[in-house]
Amino acid sequence: MTVPLYWRDQSLMNWTATVLASSPEVIILDESAFFPGGGGQPADLGQLEWAGVFTRIDGVSVAGLVPAEGDPLPPVGTVVHARLDDVRRRQLMRTHSGLHVVCGVVYRDFGALVTGSNMEPLLGRMDFNLPEVPLGFKDDLERVVNEEIARDRSILDRVVTREEAMADPDVMRTAQHLIPPEVQEIRVIDVDGLDKQADGGTHVTSTRQIGEVRIVKVENKGKGFRRVRISLPV
Ligand SMILES: [Zn+2]
């Protein structure tokens, strides 16, 4: 029912929308750039403004936007000015793209596949299947990741058919979860020449926009299971 604007334009933070449904549990807009959460990226926060009144958005559920408890609710049919918490969203985009660069470098230089990831603004973790941690891994990884960021590689997003995605060895290699059979259109995030993943999240459009990535910690979580923790300076 809601058109997801975050796939059409990842940089969109302000827009006008019409309220289709409104209750203390959920508000549904005809068009929304609120990222609902997924693939390790948390949902957006933000607000709706209508007739000089503000409704804070505390989260996003499968159904729609979750208004802050006690805030006034826009009636159905109201045209609202929607706004994301753009500082938080921008930080999440940088963090998410930074994790993809880490993923690409760990595979290319250390041959390890990613098994999971999660993030908060400016903090992320990525799990790898890496039986042996080479000497100097943490420092080498940080250096090479920042070299790749400095190359300012393009980060392209596009939507392909399921067949096209399945036929791409890079996309299949980085698939952290099985893509459900009912999903026929798959979005691919391509850090040009470094990493390609099926991914629904929001990203910056070139690696330099990520800024610096610090490798904070490499944890041993069991046989072959390494957790790499990153942080990004503001
Ligand atoms: Zn991702």
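Two people discuss how the terms used for this predicted model are justified.

Colleague: What makes a local feature count in this model?
Modeller: The model is predicted, so local features need pLDDT of at least 70, side-chain atom pairs count only at pLDDT 80 or more, and totals for chains, interfaces and linings use all residues. Residues are numbered from 1 along each chain as its sequence is written.

Colleague: How many helices and strands does the chain have?
Modeller: Five helices and 15 strands. Both are DSSP runs, numbered from the N terminus: helices are H or I with at least four residues, strands are E with at least two.

Colleague: Why does the radius of gyration agree with a compact globule?
Modeller: The rule is 2.2 Å times the number of residues to the power 0.38, taken over C-alpha atoms. For 234 residues that gives a value near 17 Å; the chain has 19 Å, which agrees. The C-alpha atoms fill a box of roughly 60 × 40 × 35 Å along the principal axes.

Colleague: Why is Asp9 called buried or exposed?
Modeller: Count the other C-beta atoms, placed from the backbone, within 10 Å of its own: 20 or more is buried, 12 or fewer exposed, in between partly exposed. Asp9 has 11, so Asp9 is exposed. Asp9 sits in the loop between α1 (5–8) and β2 (14–22). Its C-alpha atom is 8.4 Å from that of Ala33, 24 residues apart along the chain. Across the chain, buried residues make up 33% of the 234.

Colleague: What describes the packing of α2 and α3?
Modeller: The axes of α2 (residues 86–110) and α3 (residues 137–150) come within 10 Å and cross at roughly 120 degrees. Axes are lines fitted to C-alpha atoms over the stretch in contact, with angles from 0 to 180 degrees between N-to-C directions.

Colleague: Which residues make that contact?
Modeller: Val101, Val102, Val105, Val106 and Asp109 of α2, with Leu141, Val144, Val145, Glu148 and Ile149 of α3. Contact means C-beta atoms, placed from the backbone, within 7 Å.

Colleague: How do you know that β5 and β6 pair?
Modeller: Pairing takes at least two DSSP bridges between two strands. Five bridges join β5 (residues 46–50) to β6 (residues 53–60), so these antiparallel strands pair. Trp50 stands opposite Val53 in β6. The hairpin has two residues between the strands, and Ala51 takes a positive phi near 50 degrees.

Colleague: What joins β6 to β7?
Modeller: Three bridges join β6 to β7 (residues 65–67), and the strands run antiparallel. Ile57 stands opposite Pro67 in β7. This hairpin has four residues between its strands.

Definitions and conventions
Two residues are in contact if their C-beta atoms, placed from the backbone, lie within 7 Å.
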